[in-house]
Amino acid sequence: MDPLHQFNIERYGEFHLFGMDLSFTNSSFFALLAVALVVAFLAFGSRKRALVPGRMQSLAELFYEFVAQMVRSTMGQEGFRFFPLIFSLFAFVLTTNLLGMFPYFFTVTSHIAVTGALALMVISVVLIYGFSRHGLKFFKLFAPSGLPLPLYFVIVPIEIISFLARPFSLSIRLFANMMAGHALMKVFASFIVMLGGAGAFSVLAILPFLTNTAVVGLEFLIAFLQAYVFALLSCIYLSDVSGEHIGH
Amino acid sequence: MMIVFFDTSQAAGHATETVVEAAEHTSSGMPQLDFSTFPSQIFWLAIAFGFLYLALDRFLIPRIGGAIEERKDRIADDLDMAARKKAEADEAVIAYEKNLAEARAKASVIAAENRAVLDAQLAEESTAQEAELDKAAAKADAKIAKARSEAMHHVEEIALEVAGELVAKLGNITPDPKKLQNALELARTQSEAS
């Protein structure tokens, strides 16, 4: 009945490389499964390339347009080179989140290692793009122009700290949401089982059952919302270092 | 982390099991903070995510985006075509109206011409007719005048005869016809003058 048991990494196959334990685990399996599902869905949906789309093609195009709209509204046409990255992030996080909603399935994004790696990747892309596009003017990001001089002593440290906090907030937000939600579901599920076996009190088991039903609905919303937030924040961080915000 | 939510004497067996199971994990704490699993997680994440990125970038996004783009182009083309067709139709309507106006003008010219010709013909015919009628009337008038003068002549002769007879009967004289005629002539001019 340990609510954290579901987050255990279980080794399916041992695999060591350069002295590191790179074993194939339940995390690896569900990450690959999510990717396979996304690729299969999009490949199947786009197989006909019909002028008048069928059901699956409409779904695939809806998915595509949703992300494309997100990228366009935050980064404009210039940011469209990051569309594959944002699309990958959104599709991967959304699918792993949703897969985690199946009982006995492992939630890849409930681990800080995964969300942290994704967040660091996003920040790395932001840094590489920012420096390659603006050179040292990249640091203007921390000093917005047009402020009275004394304010810079306050603004610059704040901007630097908020920039450095980005990878943490990005990764912890997703991981904590997924972990807390799944632990909560497990806790209420445990209540149902324990109250159910409590003789005269077993009628009370309906209460955690109803609560858990609501929590499951909420968790589906959170699974989508967190994927959306992750992708949207990545867009915003990238748009910060694109041309418009750093003047020349 | 050990959490025992409920413990009754009935579930004692289960409870011990739970405790044992929980104790196993208590040693490692939160699985998320077990750093020994990090390399494996990140390694397989990189493989999975890298594959997803490549599949999307090289294969799926061009395919789906291409279909959407194609549709957009097609719709734009169709709209263009519709606009062109509409312009053509408008032009055709203008040309048609122009033709119609021209035809109307031509028709009225022709009608006017025809009317003039007909009027002329009609006038000609009616004047000819009138001339003929006048001629006939004149002939008739002449005939009437002739008949009248003849009749008048006879009337004079009769008057002469009657006057002669009257004179002969009343005066018992045979009047000189020359004098009688003069007297009659005088009487007529006098009656005409009064």
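**Exercise 1. At what angle do helix H3 of chain A and helix H2 of chain B pack, and how far apart are their axes?**

The model is predicted: local features need pLDDT of at least 70, side-chain atom pairs count only at pLDDT 80 or more, and totals for chains, interfaces and linings use all residues. Residues are numbered from 1 along each chain as its sequence is written, while chains are lettered from A and ligands numbered from 1 in the order in which they are written.

Step 1. Identify the elements. Helices (H or I, at least four residues) and strands (E, at least two) are DSSP runs, numbered from the N terminus. H3(A) covers residues 83-99 and H2(B) covers residues 38-171.

Step 2. Read the geometry. The two helices pack at an angle of about 125°, and their axes are 9 Å apart. Axes are lines fitted to C-alpha atoms, for helices over the stretch in contact, and angles run from 0 to 180 degrees between N-to-C directions.

Step 3. Classify the angle. Angles under 35 degrees count as roughly parallel, over 145 as roughly antiparallel, 65 to 115 as roughly perpendicular and the rest as oblique. H3(A) and H2(B) are therefore oblique to each other.

Step 4. Assign the hand. The crossing of H3(A) and H2(B) is right-handed; that is, the near helix is turned clockwise from the far one by less than a right angle, anticlockwise being left-handed.

Step 5. List the residues that meet (contact: C-beta atoms, placed from the backbone, within 7 Å). H3(A) contributes Phe83(A), Pro84(A), Leu85(A), Phe87(A), Ser88(A), Ala91(A) and Phe92(A). H2(B) contributes Phe49(B), Leu52(B), Tyr53(B), Leu56(B), Asp57(B) and Ile61(B). By class, the contact of H3(A) with H2(B) has eleven nonpolar, one polar and one charged residues. In this scheme Ala, Val, Leu, Ile, Met, Phe, Trp, Tyr, Cys and Pro count as nonpolar, Asp, Glu, Lys and Arg as charged, and the others, Gly among them, as polar.

**Exercise 2. Describe how H4(A) packs on H2(B).**

Step 1. H4(A), residues 112-134, packs against H2(B) at an angle of about 50°, with the axes 9 Å apart. That angle makes H4(A) oblique to H2(B).

Step 2. The crossing of H4(A) and H2(B) is right-handed. Ala113(A), Val114(A) and Ala117(A) of H4(A) make the contact with Phe38(B), Gln41(B), Ile42(B) and Leu45(B) of H2(B).

Step 3. By class, the contact of H4(A) with H2(B) has six nonpolar residues, one polar and no charged.

**Exercise 3. Is Phe92(A) buried or exposed, and what does it touch?**

Step 1. Phe92(A) lies in helix H3 of chain A.

Step 2. A residue is buried if 20 or more other C-beta atoms lie within 10 Å of its own, exposed if 12 or fewer, and partly exposed in between, with C-beta atoms placed from the backbone. Phe92(A) has 27 C-beta neighbours inside 10 Å and so counts as buried.

Step 3. Not counting residues up to four places away in sequence, Phe92(A) touches Ala34(A), Val35(A), Phe49(B) and Leu52(B).

Step 4. Turn to H1(A): Ala34(A) and Val35(A) are among the buried residues of this helix. What covers the buried residues of H1(A) includes strand E4, helix H2 and H3 of chain A together with H2 of chain B.

**Exercise 4. Check the length of helix H1 of chain A.**

The expected span is 1.5 Å times one less than the number of residues. The 20 residues of H1(A), 26-45, should therefore span 28 Å, and the end C-alpha atoms are 28 Å apart, which agrees.

**Exercise 5. How many residues does each chain give to the contact, and which elements of chain B take part?**

Step 1. Chain B gives 43 residues and chain A gives 46 residues.

Step 2. On the chain B side, the elements that give two or more residues are H1 (12-26) and H2. The largest share, 27 residues, comes from H2(B).

Step 3. By class, the side of chain B that touches chain A has 26 nonpolar, eleven polar and six charged residues.

**Exercise 6. Set out the secondary structure and burial of each chain.**

Step 1. Chain A has six helices and four strands, in the order β-β-β-β-α-α-α-α-α-α from the N terminus. Chain B has three helices and zero strands.

Step 2. Of the 248 residues of chain A, 37% count as buried; in chain B, buried residues make up 9% of 194.

Notes. Two residues are in contact if their C-beta atoms, placed from the backbone, lie within 7 Å.
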